[in-house]
Amino acid sequence: MAEHNPAVEAAMEGELALLTPKVRRSPDRVGALLHPEFHEFGASGRHWSRAAIIASLAATTEPGARPVAVSALRGVQLAPDLVHLTYDTEYDGSRAHRSSLWRRTEGRWLLWFHQATPYSERAT
């Protein structure tokens, strides 16, 4: 049985919130979960800045969109203020292995780095 870890649980809660259409459509809600130095290497290979990902999510997330399917979510606390999460997603037939680093900043857990790597069923 996994050990209860409030830091990992807080990071997981934030990560899952970021995958919901309600949060993704709101620049304020997304911004509240992203570290000021956030950056991402997306499944497309594009490097995303904080401002670019906030704008893109708000512009492309349709009201009533279904949530991203998440599986194999795991987390480990690497240091007192750093949590690493890994998981897989599936959305509209596209799959990705995902990795996120969450940093505790001024008492809040914020997403600092994210990377998505696409994969097919055969590649797992």
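# Close-up views of a predicted model

**View 1. E9 lies in helix 1.** Helices (DSSP runs of H or I, at least four residues) and strands (DSSP runs of E, at least two) are numbered from the N terminus. The structure is a predicted model, in which local features need pLDDT of at least 70 and side-chain atom pairs count only at pLDDT 80 or more, while totals for chains, interfaces and linings use all residues. Residues are numbered from 1 along each chain as its sequence is written, and side-chain values use heavy atoms, with hydrogens and water left out. E9 is partly exposed, its relative accessible area being 38%; buried is under 20%, exposed over 50% and partly exposed in between (1.4 Å probe, protein chains only). The view pairs E9 with V76, a residue 67 places apart from it in sequence, with 9.7 Å between the two C-alpha atoms.

**View 2. Q77 of strand 3 is shown with its contacts.** Strand 3 covers residues 69-79. With a relative accessible area of 30%, Q77 is partly exposed. Once residues up to four places away in sequence are set aside, Q77 touches N5, A7, V8, L82 and V83; contact means heavy atoms within 4.5 Å. A11 is 66 residues apart from Q77 along the chain, and the C-alpha atoms of the two are separated by 9.7 Å.

**View 3. A72, also in strand 3, has a positive phi.** The phi of A72 is near 55°, and the residue is not glycine. Most residues other than glycine have a negative phi. A72 is partly exposed at a relative accessible area of 35%. Apart from residues up to four places away in sequence, A72 touches T86, Y87 and D88. The C-alpha atoms of A72 and T86 are separated by 7.6 Å, with the two positions 14 residues apart along the chain.

**View 4. E106 sits in the loop between strand 5 and strand 6.** Its phi is near 50°, again a positive value in a residue other than glycine. E106 counts as exposed because its relative accessibility is 80%.

**View 5. L101 of strand 5 is a buried residue.** Its relative accessible area is 18%. Beyond the residues up to four places away in sequence, L101 touches L78, L82, V83, H84, L110, L111, W112 and F113. A59 serves as a second point of reference: it is 42 residues apart from L101 in sequence and 25 Å apart in space, C-alpha to C-alpha.

**View 6. H114 in strand 6 is shown with its contacts.** H114 is buried because its relative accessible area is 4%. Neighbours within four places in sequence aside, H114 is in contact with E15, with F38, H39, E40 and F41, with Y87, and with R98, S99 and S100.

**View 7. The largest pocket has a volume of about 800 Å³.** A pocket is an open set of points on a 1 Å grid over the protein atoms alone where a 1.4 Å probe fits, with protein on both sides within 12 Å along at least five of seven lines; lining residues have an atom within 4 Å of a point. Points are joined across faces, edges and corners, and the volume is the space filled by probe spheres set on them. The lining holds 34 residues, and R24, E40, L57, V68 and R98 lie nearest the centre of the pocket. Two or more lining residues come from each of helix 1 (6-18), helix 2 (21-24), strand 1 (34-41), helix 4 (50-60), strand 4 (82-91), strand 5 (94-105) and strand 6 (108-119). The lining has 18 nonpolar, eight polar and eight charged residues; Ala, Val, Leu, Ile, Met, Phe, Trp, Tyr, Cys and Pro count as nonpolar, Asp, Glu, Lys and Arg as charged, and the others, Gly among them, as polar.

**View 8. The whole chain is given as context for the close-ups.** It has four helices and six strands, which run α-α-α-β-β-α-β-β-β-β from the N terminus on. The C-alpha trace spans about 35 × 35 × 25 Å along its principal axes. Of the 124 residues, 35% count as buried. Among contacts between residues at least 6 apart in sequence, 44% join residues at least 24 apart.
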